[in-house]
Every structure is written in structure tokens, then in C-alpha cells.
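Please consider how salt bridges are read from a protein model. The dialogue takes up the general idea and then the case.

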Amino acid sequence: MTISKKTLAGLLAAALLSTSGSGFALGWTLHQDAGGTGAATSAGLQTVPLAAGAGSLSATGGGTVAQVAAAASDSVVEITTESVQTGSDLRQYISSGAGSGVILSSDGYLVTNNHVIDGAAKIYVTLHSGESYPAVLVGTDSKTDVAVLKIEATGLKPATVGSSDSLVVGETAVVIGNPLGQLGGTVTDGIISAKEREITLDGRTMSLLQTNAAINPGNSGGGLFNAQGELVGIVVAKSSGEDIEGLGFAIPISNVTDIINQLISAGYVSGRIDLGMSLVEVSNAQTAMLYGVRWTGLYIQSVGASSNAAKAGLQAGDRIVAVDNVKVSSLSDLNSILDGHSVGDTVQFTVVRGSQTGTASFTLQEYQK
């Protein structure tokens with residue numbers, strides 16, 4: 001769930017102040033909140049066939065960038081979101097966000113990034129034609145950073161899905177999306193610069209396609225297309241910093257085809273670990289001061305009311321310091337350990353509450369919508 005720094009400061013400070021000095025016992029299961037706006041009913045949903053296609057352009061030589069844009073632009077949408085935030089004065093306000101998405105089916109299923117819609121109270125989709133629709137979150141997967149949305153529309157133009165496995169470094173790459181959240185339908189071009197780049201995003205290491213096509217904030221969730229006009233990647237990030245240009249990344253479509261189909265058919269991905277709580281990483285002294293905590297590290301931001309974590313007594317403001325006796329100070333540390341576990345495994349967490357330290361062994365459960 002996305003939440004402002006000011007909000008977290010209030011929540012964590014309140015949690016820590018309310019913690020008693022007495023000892024505590026733990027025995028729990030954790031859940032990572034999927035966030036979003038609710039879900040479409042999964043009964044009767046048909047899996048969208050995301051098999052590789054021949055494309056609308058020549059399968060031998062491909063087309064020009066202009067031909068790719070003409071073939072694929074109607075399959076890319078703008079996404080805007082609204083979320084409710086609470087300021088440090090406890091007043092609530094509406095925060096907006098923007099991104100991109102790609103149409104999967106003529107009846108309104110589309111794919112975007114999880115981080116584009118994470119925590120959104122409302123989601124809106126604008127087609128290339130300018131028509132706008134409210135969207136419902138069908139399912140989301142934070143591990144692969146993909147989400148599926150549904151709008152009530154028909155006659156849409158779905159993208160032709162290609163194979164990212166068959167890409168060759170140096171071949172044409174075309175990005176279509178909504179940079180800056182205001183420039184929907186923008187087309188940029190370049191090449192596939194590299195394959196299988198190991199990049200860490202939001203505490204998770206992902207194997208991504210690299211391109212030098214121009215990518216900016218708002219492009220997230222948009223399409224990376226080959227010269228045949230086929231969707232080969234979902235744009236996820238760009239490297240930013242002084243003197244850094246031409247470093248953009250996309251999720252290979254072949255890596256997430258099954259994930260997308262599971263989200264459409266069931267609303268979740270089988271085998272994902274359910275943590276029962278949301279976490280926040282405090283990485284430096286300045287951020288710790290902003291959040292009203294004394295130490296850097298990985299903190300519990302909230303615990304699901306009906307989760308095993310809540311039943312075991314885990315509370316917002318607790319700091320996770322070790323998992324299976326391995327020191328943990330970041331989301332990346334935690335995820336690297338959990339990636340070695342499966343649903344049904346037992347793990348031991350060590351947490352600090354106030355001046356006391358406690359350990360807990362618990363069974364990892366599967367996330368279900």
C-alpha cells in the first residue's frame with residue numbers, strides 16, 4: 001500500500017508511543033497487503049490467451065517506428081489514480097497518481113504495474129481515443145510488479161503479444177505510454193540494449209529487459225513493442241540521476257504471461273506468501289526522524305485485523321531485526337530470505353518492541369484474494 005511519509009510518521013510514532021513496557025509473546029503468519037480498489041468477481045472469467053502472435057506487421061522484416069505506432073497505439077491506455085492520504089495534522093486529502101497500461105482483450109481487461117495502482121482508492125483508464133472509464137482491480141502481484149484491471153467497454157483493440165524470449169540485443173524497441181502523466185500516446189524508440197538485467201526495485205531483484213528508448217515517470221505499465229508491433233515487455237522503471245540517460249527497463253512479457261492469466265482467472269497468484277501485514281523501510285537517520293522513530297530498519301506499518309500476525313500480538317511499530325537468525329534491515333534483505341521459502345514453511349522472526357526483543361516461529365501461508 002502506498003502511503004505518504006507524513007502519514008507513516010504519525011502511524012509509527014503513535015504505535016511506538018502506545019507500546020507498553022511489558023514483555024510480549026509472538027506466534028504468527030505474515031501477509032503482504034495487495035492494496036487496490038476491490039475486485040471483479042472471478043466466477044465465469046475466461047483466461048485471456050496471451051500466446052505469442054504473428055503480429056500485424058511483417059513477421060520477417062518488421063515495420064518502421066511509424067508503422068509500429070500505428071499498429072499498437074490504440075492498445076495502450078493512460079491510467080490515473082486517486083488515494084486518500086492523512087497528513088501530519090490528521091487531516092485527510094486526495095493524492096493523485098498516473099501511469100500507463102496495455103489492453104489485453106476486446107472486452108476491457110488490461111495490464112499495468114502493481115506500483116501504479118498500489119493503494120489507490122479509485123482508478124481511471126483513458127483510451128487512445130480519449131474515452132475515459134472507471135476501472136476495477138481484478139488482481140495484482142507485487143513480486144512481479146504486474147496488475148490486471150477491468151473496464152466496462154467492448155470493441156477494444158488488444159495488443160498482439162509476442163515472445164520476449166526470442167528478442168535479440170540490438171533489435172528495434174518501441175515504447176508507448178503516458179510520460180509525466182500528461183502526455184498519453186507518446187511514442188519513443190531505441191533498441192533492446194540488454195536482456196536479463198538483474199535490477200532491484202522496491203526491495204525485489206527482477207530480471208528485466210534494458211532499452212535506450214526514452215522512458216519517464218508515467219511510462220510505468222506501458223508497452224514495449226518489437227518491430228512487428230508485438231508486445232514484448234511491460235515498462236517498469238528508468239535509471240535516474242545526474243548524467244544518466246538511455247537506461248530504461250521492462251518486464252519481459254514471457255516471464256509474466258502465466259501470472260497475468262492467473263490474476264484474470266483467480267484474482268491472485270498461487271504459491272505467493274501471505275504476510276498479514278504491510279512494512280516500511282526506514283533507511284537513514286533523516287527518514288527515521290521524519291517517521292518519529294529512533295532507529296533505521298524495517299518496521300511494521302500495519303497488521304491485518306483478522307491475520308495470524310494480529311492474533312499473535314504483532315503490532316504496528318515493531319521493528320524486524322532478523323529472520324531465521326539472519327540480520328534484516330531492509331525489504332531487500334527480507335525478500336531474499338523469503339524467496340528461499342515456500343508456503344507451508346516455518347520461519348523464525350526476531351522483532352524489537354520498545355526496549356525489548358522477542359522471537360516468533362510461524363508458518364508461511366498462501367495469499368488468497
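The following dialogue concerns salt bridges and the residues that form them.

Q: What kind of model is this, and how are residues numbered?
A: This is a predicted model, in which local features need pLDDT of at least 70, side-chain atom pairs count only at pLDDT 80 or more, and totals for chains, interfaces and linings use all residues. Residues are numbered from 1 along each chain as its sequence is written, and side-chain values use heavy atoms, with hydrogens and water left out.

Q: What is a salt bridge, and how many does the structure hold?
A: A salt bridge is a side-chain nitrogen of Lys or Arg within 4 Å of a carboxyl oxygen of Asp or Glu. The structure holds 5 salt bridges. In one of them, D141 pairs with R272, and the closest N and O atoms are 2.7 Å apart.

Q: Which parts of the chain does the pair of D141 and R272 tie together?
A: D141 lies in strand β5 (residues 132-141) and R272 in the loop between α4 (253-266) and β13 (273-274), so the pair ties together parts that are 131 residues apart in sequence. Helices (H or I, at least four residues) and strands (E, at least two) are DSSP runs, numbered from the N terminus.

Q: Are D141 and R272 buried or exposed?
A: Buried means under 20% relative accessible area, exposed over 50%, and partly exposed in between (1.4 Å probe, protein chains only). Both D141 and R272 are buried.

Q: Which residues are linked in a network of salt bridges?
A: The network links K143, R204 and D339. D339 meets K143 at 3.7 Å, N to O, and R204 at 3.4 Å between the closest N and O atoms.
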